[in-house]
Amino acid sequence: MSRNPPLARVLPFDVVDNGWRLALVPALTAAVALPFLPPVGVGLVALTLGVLWFHRDPERTPPDPSGAVVSPADGTVSVVREEGTRLRVGVYMSATDVHVNRAPIAGEVREVRHRPGANRPAFDKESERNEQVVIDFGEYELLVIAGWFARRIHPAVEVGDRIERGERVGHVSFGSRADVVLPADVAREDLLVREGDAVLAGETIVAERE
């Protein structure tokens, strides 16, 4: 479905393409039900609007410092830890957060790979075993991890794409996590966030590189 159907002109927010597709079934069902079962029809209209709102896609403005590493997702920092010589920062996206993911650092996509897995809640420590999509930029990796309900990860980049910092790289439907395994030159003292901090994709600086 087009990114700009007629309803887009009256909504106060932009919606990712997949949001329109997911909203189509409840919208059509609502149109059929409203004349015969108004309460059911109204409920389906509400569901349609809820699906569209969940897939909203606001514009973001990356910060000026060239060495800034920005958050890959909206939500709450749920993981900050060392993995060998690298640091991982994970962001938990609740059902009320925007689920469009953005590149923390500019780079070229080296690989996009899908890893099947479990379906633990995204806030659970065991969620790292869940289904996920890994976007490998060479010097760092972005991992989008599905939650127990979110089983639809939609990367929007391909191998060879040159992505700027803060640019959209995809989205995930319903609650999930986005982790970034930072470049080796980012040390713990370079981090500007800690677990529990609220962040915005493409805008909040999570670390600063020299």
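These are my notebook entries on a predicted model of one protein chain.

**Entry 1. Overall make-up**

I started with the secondary structure. The protein chain has two helices and 14 strands. I then looked up burial. Of the 210 residues, 47% are buried. Next came the surface. The protein chain exposes about 10,500 Å², and carbon and sulfur atoms supply 55% of that area. I also checked how far apart contacting residues lie in sequence. Among contacts between residues at least 6 apart, 69% join residues at least 24 apart.

**Entry 2. The nonpolar cores**

I turned to the largest nonpolar core, which holds 32 residues. Which of its members touch the most others? I found Val89, Ile135, Phe137, Ile163, Val169, Leu182 and Leu191. I then traced the strands behind this core. At least two residues each come from strand 2 (75-83), strand 3 (86-93), strand 7 (132-136), strand 8 (141-146), strand 11 (168-173), strand 12 (176-181) and strand 14 (205-208). Strand 3 gives the largest share, with four residues. I noted another core apart from this one. That core has six residues, including Leu11, Val15, Trp20 and Val51.

I picked valine 89 for a closer look. I set aside its neighbours within four places in sequence. Valine 89 then contacts Val77, Val79, Ala178, Asp179, Val180, Leu182, Leu191 and Val193. Two names on that list, Leu182 and Leu191, also appear among the core members that touch the most others.

**Entry 3. Strand 11 and its sheet**

I went to strand 11 next. Is it enclosed or open? Five of its six residues are buried, so the strand is largely enclosed by the rest of the structure.

I looked up its partners. Strand 4 (residues 100-102) pairs with strand 11 in the antiparallel sense, over three bridges. Strand 9 (residues 152-155) also pairs with strand 11 in the antiparallel sense, over four bridges. The result is an open sheet of three strands in the order 4-11-9, with antiparallel pairing. Strands 4 and 9 stand at the edges with a single partner strand each, so one side of each has no neighbour in the sheet. From one strand to the next, the twist averages 20°.

I then read off individual bridge partners. Valine 100 is matched with histidine 171 in strand 11. On the strand 9 side, I checked two positions. Isoleucine 153 stands opposite valine 172, and histidine 154 stands opposite histidine 171.

**Entry 4. Histidine 171**

Histidine 171 had come up twice, so I gave it an entry. It lies in strand 11. Buried or exposed? Histidine 171 has a relative accessible area of 11%, which is under the 20% cut-off, so it counts as buried. I listed what it touches, leaving out residues up to four places away in sequence. The list is Val16, Asn18, His55, His99, Val100, Asn101, Arg152, Ile153 and His154. Both of its bridge partners, valine 100 and histidine 154, are on that list.

**Entry 5. Salt bridges**

I counted 14 salt bridges. I followed three pairs and one network.

Arginine 188 and glutamate 82 meet through their side chains, at 3.7 Å from N to O. Arginine 188 lies in the loop between strand 12 and strand 13 (198-199), and glutamate 82 lies in strand 2, so the pair ties together parts 106 residues apart in sequence. I checked accessibility for both. Arginine 188 is partly exposed at 40%. Glutamate 82 is exposed at 53%.

Arginine 209 bridges to glutamate 139, with the closest N and O atoms 3.1 Å apart. This pair also links distant parts of the chain. Arginine 209 sits in the segment after strand 14, and glutamate 139 in the loop between strand 7 and strand 8, 70 residues apart. Glutamate 139 is partly exposed, with a relative accessible area of 35%.

Glutamate 164 and arginine 162 form a further salt bridge, at 4.0 Å from N to O. Glutamate 164 is partly exposed at 43% relative accessibility. Arginine 162 is exposed at 52%.

Last, I looked up the network. Salt bridges with shared partners join Arg81, Glu83, Arg88, Arg177 and Asp179 into one network. I recognised Asp179 from the contacts of valine 89.

Definitions and conventions. Residues numbered from 1 in each chain as written. Predicted model: local features only at pLDDT ≥ 70, side-chain atom pairs only at ≥ 80, totals over all residues. Heavy atoms only, no water. Core = buried A, V, L, I, M, F, W, Y, C linked by side-chain atoms within 4.5 Å. Buried < 20%, exposed > 50% of the residue type's maximum accessible area, 1.4 Å probe, protein only. Contact = heavy atoms within 4.5 Å. Pairing = 2+ DSSP bridges. Axes fitted to C-alpha atoms, helices over the stretch in contact; angles between N-to-C directions. Areas by Shrake-Rupley, 256 points an atom, 1.4 Å probe, with all protein chains shown as cover.
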